[in-house]
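Good morning, and thank you for the opportunity to present. I should like to take you through the sheets of one chain. Please keep the display in view as I speak.

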Amino acid sequence: MFFIDKRKRKTMTRLSRENLEKLLVPREQDGIPGKMTLWEQIGLAVKKVGTQGPESYTYHPLTGDPIVYCPERAKRPVPKEEKKEEKTEVNKCAIYDGKTTPILSYLPLREDHYAFVNLNLFPAIDPMNGARSRETTARQASGGHLLVWPTTDHKDIHELAPEDHAVSFLLMQDLERRLSCLSRGAYLQIIKNTGRGAGSSIDHGHYQVIATNVMPGAIKRAREFRVAHGRSFATYLQEKAGSELVIKEYRTMQVITPPWLRRHLEAVIVPKNMHRERMSDLTEEECLDLARATTDIARACHRIMPRIGKEFAYN
């Protein structure tokens, strides 16, 4: 819970539903029955806030992986270092104040809180113009860069109940289903950065969701592995880990320490059902277990990292 001086401002810790709905982009056009497509919603939102392009992409010369990026992100505002006692002042949070981009969808949590989706103001890929590569043989990259906020409260996932956190994954499933029928959104990448050491410039916890028609290198290698070895990499990982490397087990998920650990703290969440390939494949129970696993890992990092002299941050 965050507290502020009542003499200065009424104590509140979340973006209100009233302000949330003021920012909402409608999913119906001028009262005409039938939902707008996600791209039509995004188009309306972009008209309101503009774009921060130009976006472009290149290829890693060693792995061949496509790297989509926005040069303008270097100009995004980064908060100045604040004193520790000032970081609890909720009124410094732009999201809490409703100073954010148009909202595309939201779902209720408990106690009048909400999880919601909006545009990234500094997208890695421009939904209107796509991204361009200097490589003459590269295909045109298209897609969009969205943000999923697990709560309107000024919190991150290690402070949420898993039942509330799971709603974020339901929103991601909805995004994936609405994108999957469009060539512009063939692949969905979900990124979670917490802490400035991990590249996050906003204290209010959020996920980044990038939809693009360019196959990520990790998916390409996973498919090649399945062809070469006759089983998925997730299955191979479970076989190699055995029981001694299982950090925690849930009904439908496992958290595993990889046998080829590269970093001091690293964990992999693996669904027990090996036929899961997309977020939209997960059942509600699996979404809840995924929330339990990610929440537990984030809480563990929050406890462990200060003890070893590290700032709380993770990807």
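I begin with an open sheet of five strands, ordered β5-β6-β8-β10-β9 and paired in the antiparallel sense. Strands here are DSSP runs of E of at least two residues, helices are runs of H or I of at least four, and both are numbered from the N terminus. Two strands are taken to pair if DSSP finds at least two bridges between them. The edges are held by β5 (103-108) and β9 (187-191); each has a single partner strand, so one side of each is left without a neighbour in the sheet. From one strand to the next, the twist averages 20°. Angles run from 0 to 180 degrees between N-to-C directions, with axes fitted as lines to C-alpha atoms, for helices over the stretch in contact.

A word on the basis of these statements. This is a predicted model, in which local features need pLDDT of at least 70 and side-chain atom pairs count only at pLDDT 80 or more, while totals for chains, interfaces and linings use all residues. Residues are numbered from 1 along each chain as its sequence is written, and side-chain values use heavy atoms, with hydrogens and water left out.

Returning to the edge strand β9, its antiparallel pairing with β10 (residues 207-212) extends over five bridges. Within that pairing, L188 has A211 of β10 as its bridge partner.

I turn now to another open sheet, this one of three antiparallel strands in the order β11-β12-β13. Why do β11 and β13 each have one side without a neighbour in the sheet? β11 (246-249) and β13 (268-271) stand at the edges with a single partner strand each, and therefore one side of each remains unaccompanied in the sheet. Here the twist averages 25° from one strand to the next.

β11 pairs with β12 (residues 253-256) through three bridges, in the antiparallel sense; V255 in β12 is the bridge partner of K248. Helix α5 (residues 233-241) packs on this sheet and touches β12 and β13, its direction making about 110° with that of β13. Contact means heavy atoms within 4.5 Å. Helix α6 (residues 284-307) also packs on the sheet, touching β11, β12 and β13, and its direction makes about 25° with that of β12.

Finally, the chain as a whole. It contains six helices and 13 strands. Of its 315 residues, 43% count as buried, that is, under 20% relative accessible area with a 1.4 Å probe, protein chains only. Among contacts with a separation of 6 or more, 65% join residues 24 or more positions apart.

Terms used
Buried < 20%, exposed > 50% of the residue type's maximum accessible area, 1.4 Å probe, protein only.
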